[in-house]
Amino acid sequence: MKCDIDELVTGALLHDYYFYDWRDIENHKKCHAQVHPEAACFNASMDFDLTDKEKDIIEKHMYPLTKVPPLYRESAVVCLVDKFCALYEFFSRKTYRTMKRRMRDCAAM
């Protein structure tokens, strides 16, 4: 698949670049899945010089919750991989056992 690997990696690394506690639902009128792509794109734009493609990757990675589909291949790739990872984490008991163990280990330090 032809992709601009630099823009794909930049967008992928910054797609969750938001700075708020997503569990604090009192401060959000919309759900986190709809708000954080906008917040991440805004924050990333303040700290980095992003191309239109990189902005699209960040803003559209939660499609179909963002309602507007990805415009570029790179955006679609990040969107699909993000969904795959979320499904894997949700259905993988091993993932949660590992997370629990790591949190327990960190608390013991």
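## A salt-bridge tour of a five-helix chain

Start by selecting Lys60 and Asp56: these two form a salt bridge, with the closest N and O atoms 2.5 Å apart. A salt bridge here is a side-chain nitrogen of Lys or Arg within 4 Å of a carboxyl oxygen of Asp or Glu. Both residues sit in helix H3, 4 residues apart, or about one turn of the helix. Both Lys60 and Asp56 are also buried; buried is under 20% relative accessible area, exposed is over 50%, and partly exposed is in between (1.4 Å probe, protein chains only).

A word on what you have open: this is a predicted model, where local features need pLDDT of at least 70 and side-chain atom pairs count only at pLDDT 80 or more, while totals for chains, interfaces and linings use all residues. Residues are numbered from 1 along each chain as its sequence is written, and side-chain values use heavy atoms, with hydrogens and water left out.

**Zoom out to the whole chain.** Colour by secondary structure and you get 5 helices and 0 strands, running α-α-α-α-α from the N terminus. Helices (H or I, at least four residues) and strands (E, at least two) are DSSP runs, numbered from the N terminus. Of the 109 residues, 30% count as buried. The accessible surface comes to about 8300 Å², and 60% of that belongs to carbon and sulfur atoms; areas come from the Shrake-Rupley method with a 1.4 Å probe, and for residues only the protein chains shown count as cover.

**Next, select Lys53.** Which side chains does Lys53 meet in salt bridges? One is Glu7, at 3.5 Å, N to O. That pair links distant parts of the chain, with Lys53 in helix H3 and Glu7 in helix H1, 46 residues apart. The other is Glu74, at 3.4 Å, N to O. Glu74 lies in helix H4 (residues 73–91) and Lys53 in H3, so this pair ties together parts that are 21 residues apart in sequence. Show Glu7, Lys53 and Glu74 as sticks and you're looking at a network of salt bridges.

Are these side chains buried or exposed? Lys53 is buried, with a relative accessible area of 18%. Glu7 counts as buried because its relative accessibility is 12%, and Glu74 does too, at 4%. In all, the structure holds 3 salt bridges.

**Now show H1 against H3.** Select residues 5–14 for H1 and 52–60 for H3. The two axes come within 8 Å and cross at roughly 40 degrees; axes are lines fitted to C-alpha atoms, for helices over the stretch in contact, and angles run from 0 to 180 degrees between N-to-C directions. On the H1 side, the residues that meet H3 include Leu8, Thr10 and Ala12. On the H3 side, look for Lys53, Glu54, Ile57 and Ile58. Contact means heavy atoms within 4.5 Å.

**Last stop: the surface of H1.** Turn on the surface and pick Ile5, Val9 and Leu13, which make a nonpolar patch of about 310 Å². Patches are made of residues with over 30% relative accessible area and no salt bridge, joining like charges within 9 Å and nonpolar side chains (Val, Leu, Ile, Met, Phe, Trp, Tyr) within 5 Å. Val9 counts as partly exposed because its relative accessibility is 38%.
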